Amino acid sequence: MVLADVAPTSRNPIRPVQFLGAKSRSLPVLLGALEDEIPGDAVADIFSGSSLVAQGLARSGHLVSACDALEHCAHFARALLGVGRDEGEAVPQLELRLPDWADGPWGSWLAREREALAREDAEALLEISLTLPQVWRADGASCELTDLFAGLAPGSGPAAGLVASHYAGTYFGLEQALEIDLIRGEIAAARNSGAIDRWQESLLITALLSAASECAFSAGKHYAQPHRIRRDKDLAFLRGRVLSDRGKGLLRLFEERVSSLHAAALPDEGHRAEARTLEQLVREPQTLGAVEAIYADPPYTAQQYSRFYHVPEVISSYRVPNLQRIDGAVTRGLYPEPTERHHSRFCSRREAPDAFADLCDLAVERGALLCLSYSFTRSGETGNRRSIDLPELRAVVEERFSKVVELEIPLAYRQFNAGGHSLTGRSDAEILIVARNR
Ligand SMILES: C[S@@+](CC[C@H](N)C(=O)[O-])C[C@H]1O[C@@H](n2cnc3c(N)ncnc32)[C@H](O)[C@@H]1O
């Protein structure tokens, strides 16, 4: 269950997808600490990610401005903070008419996938995964599929058939991918015709990404790369996974998520949610409005969020990506070109000190309290090296604020296992740096 271990009608914050670094485990303690420190009502969460903290702050009675560099994260925040939600609004309905895919360009492949699932034939599903024609692997494509691929010009959108042509057989099954395209196309059409408003659009996109995340055939349900199928390896694990992941009904999950998110989203209380980078906020600080505190939970690792969440970004924008090619081959994760992915300075050891200086300067400029989350390993082991060390970060903050305190937020959490670098059983800690000018 992706929806944050909560009942659908819960009034607790909801994590719509598995999201790296989401504050699921420390949330109650973190919110308690923020509650003690934040002087007034208006607060900004400017790296809002899954929107868990923004929701928690809103539920504690704050007026929240949520921003993130990633567009799909802004959809999460807009949906769950009820930004622009009409009072008494009913669950939005889409006119989803299932086309006869059997007669379309994917017909024979879809029949194979359905048969394999009906027979619980994991080998056949893995074989389809390795051979299904795609934009980036057109071998074996029929004339109809070749025409379909040719119509998907990079940059164009809304692009019907995008997900099935780029991510079927890897992150999703073919039927799941076709259903994602169907739903995303209908959301775009409903928005264009004025049948749904901006909040409803965000709710539906959040529900779609939540359902897609649950189906994703990848470690951790993110999109760094799909599970790798290698014939020379023991495939027992993958056989189990492919059967359970490909067997999930995306359409049913989507419908479930629409109603559970609709029940859990806040009414419109004047919160705001936008896709904005810290750099954009620094250039135009007034767009943040009058805030008494800024909560900041930037990334501290070399892993770029846009690398882990490029597929939700593509589904959210619904524009055809330009897939990155290295020596003529697409990357294993099917990443878009670096120019189409957000590059975070917070993930670079060289750029992070300046990025943190900009963040502090923004809070100073706004006359706001800065509450900055930082996580580190107590043991000093470096399973995942930080882009900035704590002493260096302290120096940047203390140079700009007259009073800085550090609060420990206790937790023990499992680290994302990147290439065998995970350090198990360790007790990590998180701190909240609270900085103000008297
Ligand atoms: C650690 S996550 C935040 C997690 C969040 N607190 C939660 O509970 O889900 C960091 C977020 O910062 C965003 N980010 C990275 N660099 C950014 C920048 N320069 N400006 C704005 N957002 C950025 C990423 O997209 C990611 O969503």
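Which residue forms a salt bridge with Glu399? It's Arg400, and the figures below take that pair and several other spots one by one. Keep in mind that this is a predicted model, where local features need pLDDT of at least 70, side-chain atom pairs count only at pLDDT 80 or more, and totals for chains, interfaces and linings use all residues. Residues are numbered from 1 along each chain as its sequence is written, and side-chain values use heavy atoms, with hydrogens and water left out.

**Figure 1. Glu399 and Arg400 pair up in a salt bridge.** The closest N and O atoms of this pair are 3.9 Å apart. To count as a salt bridge, a side-chain nitrogen of Lys or Arg has to be within 4 Å of a carboxyl oxygen of Asp or Glu. The structure holds 23 salt bridges. Glu399 is exposed because its relative accessible area is 65%, while Arg400, at 23%, is partly exposed. Those labels work like this: buried is under 20% relative accessible area, exposed is over 50%, and partly exposed is in between (1.4 Å probe, protein chains only).

**Figure 2. Glu406 reaches Arg394 from another part of the chain.** The side chains of Glu406 and Arg394 meet in a salt bridge, with an N to O distance of 2.5 Å. The pair links distant parts of the chain, as Glu406 is in strand 8 (residues 403-410) and Arg394 in helix 16 (residues 390-400), 12 residues apart. Helices (H or I, at least four residues) and strands (E, at least two) are DSSP runs, numbered from the N terminus. Both ends of the bridge get a middling label: Glu406 is partly exposed at 32% relative accessible area, and Arg394 is partly exposed at 29%.

**Figure 3. Arg241 and Asp245 meet within helix 10.** Here the salt bridge is 3.2 Å, N to O. Both residues lie in helix 10 (residues 236-246), four residues apart, or about one turn of the helix. Arg241 counts as partly exposed, at 26% relative accessibility, whereas Asp245 counts as buried, at 0%. Zoom out a little and there's a network of salt bridges linking Lys221, Arg241, Asp245 and Lys248.

**Figure 4. Four acidic residues make a negative surface patch.** The members are Asp86, Glu87, Asp268 and Glu269. Patches are made of residues with over 30% relative accessible area and no salt bridge; like charges are joined within 9 Å, and nonpolar side chains (Val, Leu, Ile, Met, Phe, Trp, Tyr) within 5 Å. Asp and Glu count as negative, Lys and Arg as positive, and His and the chain ends are not counted. Each charge is placed at NZ of Lys, CZ of Arg, CG of Asp or CD of Glu. Accessible areas come from the Shrake-Rupley method with a 1.4 Å probe, and for residues only the protein chains shown count as cover. Glu87 sits in the loop between helix 3 (71-80) and helix 4 (107-118), and its 84% relative accessibility is why it counts as exposed.

**Figure 5. A positive patch brings together Arg228, Arg230, Lys233 and Arg332.** Arg332 belongs to the loop between strand 6 (329-330) and helix 15 (352-366). With a relative accessible area of 44%, Arg332 is partly exposed.

**Figure 6. Cys67 and Cys360 are both without a disulfide partner.** The structure holds zero disulfides. Cys67 is in none, and the nearest cysteine sulfur, that of Cys73, is 12 Å away. For Cys360, the closest cysteine sulfur is in Cys371, also listed at 12 Å, so it is too far for a bond. The cut-off for a disulfide is a pair of cysteine sulfur atoms within 2.5 Å. Cys67 counts as buried at 4% relative accessibility, and Cys360 is buried at 1%.

**Figure 7. Here are some backbone oddities, with Glu120 and Asp327 showing positive phi.** Most residues other than glycine have a negative phi, and most peptide bonds are trans. Glu120 has a phi of about 50° and lies in the loop between helix 4 and helix 5 (122-131). Asp327, with phi near 50°, is in the loop between strand 5 (325-326) and strand 6. Glu120 is exposed at 59% relative accessible area, and Asp327 is exposed at 80%. The peptide bond from Gly157 to Pro158 is cis, with omega near -5°; Pro158 is found in the loop between helix 6 (143-150) and helix 7 (162-166).
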